[in-house]
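Hello,

I promised to send this one over, and here it is. Please open it alongside this email, and my notes will follow underneath.

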Amino acid sequence: MLRGSRLECLLSHESELNSDQLMVRKAGWPPLFCIPIYGSRKMTNTKSLELISIALSIIALVLVLTLLPTPASGAFQTNDARARELFVSIVPVLKHPRCLNCHANGDFPRQGDDSHVHTQNVRRGLHGFGKYGQRCSTCHQEQNVAGPNMPPGAPHWQLPPADIPMIWEGKTPGQICRQIKDPKQNNGKTIAQIVEHVTSDKLVMWGWNPGEGRTVPPMAHDEFARRFHEWARNGAACPE
Ligand code: HEC
Ligand code: HEC
């Protein structure tokens, strides 16, 4: 019946059209050709009901297709076992000294592969920037200073703040995972923001460019970020 209406519309005599419809017709834009005709006084009630039911059917079909699981959406289905496995696999990076030295117990940073207490009595301070004359930025620049035992650097070099110190030292993979996911302990981040953080944050990136004489975490940064992302995509379940 759609076809019928269209034909009728194309064949309508110009004298039967109102001025708006004539304008559309003269503009000669085919997709609009029939639209005004459906609204014309020639249209019967049955026709408008048909149109409404066609529209409703299309909406219903689209809804069903969106809600039904399709093979393509399988990639986004959660998989707790896979997510747990992925999280466990990235823990050796989190526990590597390049990361742990800022995510360790106590109210001070650590140094070196043995994670010894930071020299010069450097402290965390309320906001993680250090205390009094020993502020991190006194010695740490936005990039590494060349040479062995010189201060490493990256933008915003600091510890997490005292009220949410983000400590991983001595914790199981499950404890670290739940802490990282908890907005009260991760500074209000969503899981997507955590993934973004480990993908592009300057302090995280520094771990793979730590300056002379320092080892790097046991996995390429790309691979680390990819596993974090896949953990999230699989539903971000935590190990026991
Ligand atoms: C008085 C200067 C000074 C201040 C202040 C200072 N640092 Fe350092 N920091 C250094 C030096 C020098 C090194 C390099 C030591 C080495 O490699 O032997 C270092 C190393 C580090 C390392 C070790 C990196 C690694 O993985 O081995 C971390 C982490 C660190 N500092 C964090 C901080 C933080 C956070 C603050 C502020 C709360 C801070 N530092 C304040 C001088 C300072
Ligand atoms: C110089 C200190 C420093 C180093 C080194 C460092 N971080 Fe952090 N990290 C921080 C600070 C500060 C925050 C808090 C940032 C915020 O809240 O925006 C943080 C937050 C995080 C978070 C946020 C989630 C949470 O609640 O724990 C993750 C994940 C993280 N770091 C991963 C790493 C990884 C991986 C490395 C090593 C490759 C690393 N960090 C090295 C200082 C550091």
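Below is what turned up, going from the ligands to the packing of the helices. Please keep in mind that this is a predicted model.

Let me start with ligand 1. It has 23 residues around it, and Pro109, Gly130, Cys136, Cys139 and Asn149 come nearest. Two elements, α6 and α7 (136-139), give two or more residues to this shell. The largest share comes from α7, with three residues. Sorted by class, the shell around ligand 1 holds nine nonpolar, 11 polar and three charged residues.

On to ligand 2, which has 25 residues around it. Here the nearest are Cys99, Cys102, Asn186, Asn187 and Gly207. The elements contributing two or more residues to the shell are α5 (80-94), α6 (97-100), α9 (191-200) and α10 (202-206). By class, the shell around ligand 2 has 15 nonpolar residues, nine polar ones and one charged.

Next, the largest nonpolar core. It has 17 residues, of which Phe87, Ile90, Phe224, Phe228 and Trp231 touch the most other members. Two or more residues each come from α5, α8 (173-181) and α11 (221-233). The helix that gives the most to this core is α5, with six residues. You may like to look at Phe228 in particular: leaving out residues up to four places away in sequence, Phe228 touches Ile90, Val195 and Val198.

How do α9 and α11 run relative to each other, roughly parallel or roughly antiparallel? Their axes come within 9 Å and cross at roughly 175°. An angle over 145 degrees counts as roughly antiparallel, so α9 is roughly antiparallel to α11. On the α9 side the contact is made by Ile191, Ala192, Val195, Val198 and Thr199, and on the α11 side by Phe224, Ala225, Phe228, His229 and Ala232. By class, this contact has eight nonpolar and two polar residues, with no charged ones.

One last residue to pick out is Asp80, which sits in helix α5. Is Asp80 buried, exposed or partly exposed? There are 13 C-beta neighbours inside 10 Å, so Asp80 counts as partly exposed. Setting aside neighbours within four places in sequence, Asp80 is in contact with Gly235 and Ala237. The C-alpha atoms of Asp80 and Pro239 are separated by 8.9 Å, while the two residues are 159 apart along the chain.

Happy browsing, and all the best!

How values were computed:
Residues numbered from 1 in each chain as written. Chains lettered and ligands numbered in written order. Predicted model: local features only at pLDDT ≥ 70, side-chain atom pairs only at ≥ 80, totals over all residues. Near = placed C-beta within 6 Å. Helix = DSSP H or I, 4+ residues; strand = E, 2+ residues; numbered from the N terminus. Nonpolar A, V, L, I, M, F, W, Y, C, P; charged D, E, K, R; others polar. Core = buried A, V, L, I, M, F, W, Y, C linked by C-beta atoms within 7 Å. Buried ≥ 20, exposed ≤ 12 C-beta atoms within 10 Å, placed from the backbone. Contact = placed C-beta atoms within 7 Å. Axes fitted to C-alpha atoms, helices over the stretch in contact; angles between N-to-C directions. Parallel < 35°, antiparallel > 145°, perpendicular 65-115°, else oblique.
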